[in-house]
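Here's a set of exercises to work through with the viewer open. Try each task before you read the solution below it.

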Amino acid sequence: MTAADLELDLGGLTVAELRAAGPERLGHLARAARDLVVRSVAARGGHLGPNLGVVELTFALHRVFDSPEDVLLWDTGHQSYIHKVVTGRAERFASLRALGGLSGYPCRTESEHDWVENSHAGTSLSYAAGLATAFRLAPDGAGTRRRRVVAVIGDGALTAGMAMEALNDIVDRGLDVVVVLNDNARSYAPTTGAVAQLLAELRAGGRERSASVLGCRYLGPVDGHDVAATERVLSTARDTTGPVIVHVVTRKGEGYAPAERDQVDHLHGVGPFDADTGTAAAGPAGRRPAGDVLNETLCELAAADDRVVVVAAAMTSASGLDPFTQRYPGRILDVGIAEQHAVTLAAGLAMAGMRPVVAIHATFLGRAFDQLLFDVGLHDLPVVFVADRAGITGGDGPSHHGLLDVALLRHVPGAAVATPSDAAEMTALLRAAVERPGPTLVRYHRNLPEGRPGAGPGELPAPHWAWDGTSGDVLLVAAGEMTAVSAAAAERLADAGLRVSRANARWLHPVDDRLAEVAAAHRLVVTVEDHCRAGGLGTAVLETLSDAGVHVPVVRCGVPVGYLPHGDVPSLRASSGLDPEAVAARVLAALDAGRS
């Protein structure tokens, strides 16, 4: 059965029909929903394992609670695909994660059943506390039923400091919140820490099932793939006053053999693949996974220097560091989804003479900015941050584009920011970063060009740029993925009779000392960056030229301030004016305006 057939089969499904369905019908719907998710994700990529694991749990939630009158919150949000099927969106799954199509996360504009658009872990309990407090404070109308707030949070997300802070508040104030702990013993990879050990004991029956957790009622554990059993426990929670924790045990990737067999992350987040076999589609030709480059370089650095240690916030597999973990198990610290702790832990390591490298997605760096600014920056500590998924990332949408990391780091005194244009340059920049005396960020896209033939992996100390011409009509300044866009735009401008110089700004901050001198020898400076225009490379160039008294016009090509939607990377770049044609057109328009 194709995804289109499955969409039609599920297209008429309503919450009311789901509630009325008997066991046989529920079994059919569960199989159809799993098949729809597999075939839809196979076409465009997305989150597979988490959604396969919550099919029966989602059914039970919608059969027990009256959404949207009762609030269903999905922590992280990547496991909301079945929720979308149940709430009338099955017919749109062919557009999943496409520009203008169905979001891969809860989306308020799609449905009244989606309350928040969260897709960073650990936030649901704070949303729940606010909503439950508002419902408590609202004047009761005659005959108004008590609204329940339900937060579905995974065992991995529960390790987030924000989740613990919220749980402490919820219990202290006795709020009407049902915390559904979706325990599959994993975040991306197996969950680590004391919380994981406690849950493992509960799953094994090692503690009393009536045990209280932080003073609130605890129900479970219950098999989350048994709809009837899960409904019974959820019904008890629904009818209980005050906070309740419902411990539901599920299996990530349930019902799809390739996901069940995958021991790394049960096909957590995947690109396009063959739905029948689970085989991933071939990667882009001439490019390498940046995680492979990171792993190889860190292994070399660790072999040469015993001080090198890696800190990760549940992102070891996603960052490509599983081989490093196997080779140096004592020198990689996975603290769970706890970015703030990870950064200050790294600060402590650096204070004691170590050379910590913090592996983090670019979008999550903002979660630990206070720690980066004051715990690392204030002490001028040599902590390296390696931020993958930088720039426009595609289908995961607004909260997962890495478009603010440069602006954040430029506010940290003594910090440096680098971005490689290819794999060879990434190796060199990583080596230089580990040798720097202060905080350093190396940001990069998920895949990188292999590199120039014969290019050696030497060191590239800050703030050295690569220059191709130092005088002419136009100076194009770009970095990372945008160097190729800059080169293609330069060819178009040369065909138009312009003399074009180019700079590879591989150190985005601080800028090269030669910038003011070279810029003064051109009629126009144009920056091209895969980052928000506010606070990024273009801003740095403007500030540098202004401080130097160089008054050459500057055109900034970058992502406009705003929330960039989900979609494929080429389309999103084109819509942001970051393709060669758009860059060349902006240059010509600026030169024409200058002549008028």
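The ground rules come first, then the exercises.

This is a predicted model, so to speak: local features need pLDDT of at least 70, side-chain atom pairs count only at pLDDT 80 or more, and totals for chains, interfaces and linings use all residues. Residues are numbered from 1 along each chain as its sequence is written, and side-chain values use heavy atoms, with hydrogens and water left out.

**Exercise 1. Work out the strand order of the five-stranded open sheet and find its edges.**

Step 1: get the elements. Helices (H or I, at least four residues) and strands (E, at least two) are DSSP runs, numbered from the N terminus.

Step 2: pair the strands. Two strands pair if DSSP finds at least two bridges between them. Going across the sheet, you should read 2-3-4-6-5, with parallel pairing.

Step 3: pick out the edges. Strand 2 (71-74) and strand 5 (217-223) each pair on one side only.

Step 4: get the twist. Neighbouring strands here are turned by 20 degrees against each other on average, ignoring direction. For angles, axes are lines fitted to C-alpha atoms (for helices over the stretch in contact), and values run from 0 to 180 degrees between N-to-C directions.

Step 5: zoom in on one pairing. Strand 3 (residues 149-154) and strand 4 (residues 177-183) run parallel and are joined by six bridges; Val149 has Val177 as its bridge partner in strand 4.

Step 6: see what covers the strands. Helix 5 (residues 55-64) lies across strands 2, 3, 4 and 6 (244-249), and runs at about 160 degrees to strand 2.

**Exercise 2. Do the same for the seven-stranded open sheet.**

Step 1: the order is 10-9-11-12-14-13-19, and the pairing is mixed.

Step 2: the edge strands are strand 10 (332-334) and strand 19 (507-509), each pairing on one side only.

Step 3: from one strand to the next, the twist averages 20 degrees.

Step 4: for an antiparallel example, take strand 13 (residues 416-418) and strand 19, joined by two bridges. Val417 stands opposite His509 in strand 19.

**Exercise 3. How many aromatic pairs does the structure hold? Classify the pair of Tyr256 and Phe273.**

Step 1: set the criteria. Rings of Phe, Tyr and Trp (its six-membered ring) pair if their centres lie within 6.5 Å; planes under 30 degrees apart count as stacked, over 60 as edge-to-face and the rest as tilted.

Step 2: count. You should end up with four aromatic pairs.

Step 3: classify. The ring centres of Tyr256 and Phe273 are 6.3 Å apart and the planes are at 50 degrees, so this pair is tilted.

Step 4: place the rings. Tyr256 is in the loop between strand 6 and helix 11 (257-261), and Phe273 is in the loop between strand 7 (269-270) and strand 8 (287-289), so the pair ties together parts 17 residues apart in sequence.

Step 5: check burial (buried means under 20% relative accessible area, exposed over 50%, partly exposed in between, with a 1.4 Å probe and protein chains only). Tyr256 and Phe273 are both buried.

Step 6: try another pair. Phe324 and Tyr328 are tilted too, at 5.2 Å centre to centre and 45 degrees between the planes. Phe324 is buried at 0% relative accessibility, and Tyr328 is buried at 13%.

Step 7: look over the ring of Tyr328. The charged end of Arg331 sits there, 4.9 Å from the ring centre; the test is NZ of Lys or CZ of Arg within 6 Å of the ring centre and within 35 degrees of the ring normal.

**Exercise 4. Track down some unusual backbone geometry.**

Step 1: recall the baseline. Most residues other than glycine have a negative phi, and most peptide bonds are trans.

Step 2: check omega. Ser67 and Pro68 are joined by a cis peptide bond with omega of about 5 degrees, and Pro68 is in the loop between helix 5 and strand 2. The bond from Gly220 to Pro221 is also cis, with omega near 0 degrees, and Pro221 lies in strand 5.

Step 3: check phi. His266 has a positive phi of about 55 degrees and sits in the loop between helix 11 and strand 7. Arg389 also has a positive phi of about 55 degrees, in the loop between strand 12 and helix 16.

Step 4: check burial. His266 is buried at 11% relative accessible area, and Arg389 is buried at 15% relative accessibility.

Key. Contact = heavy atoms within 4.5 Å.
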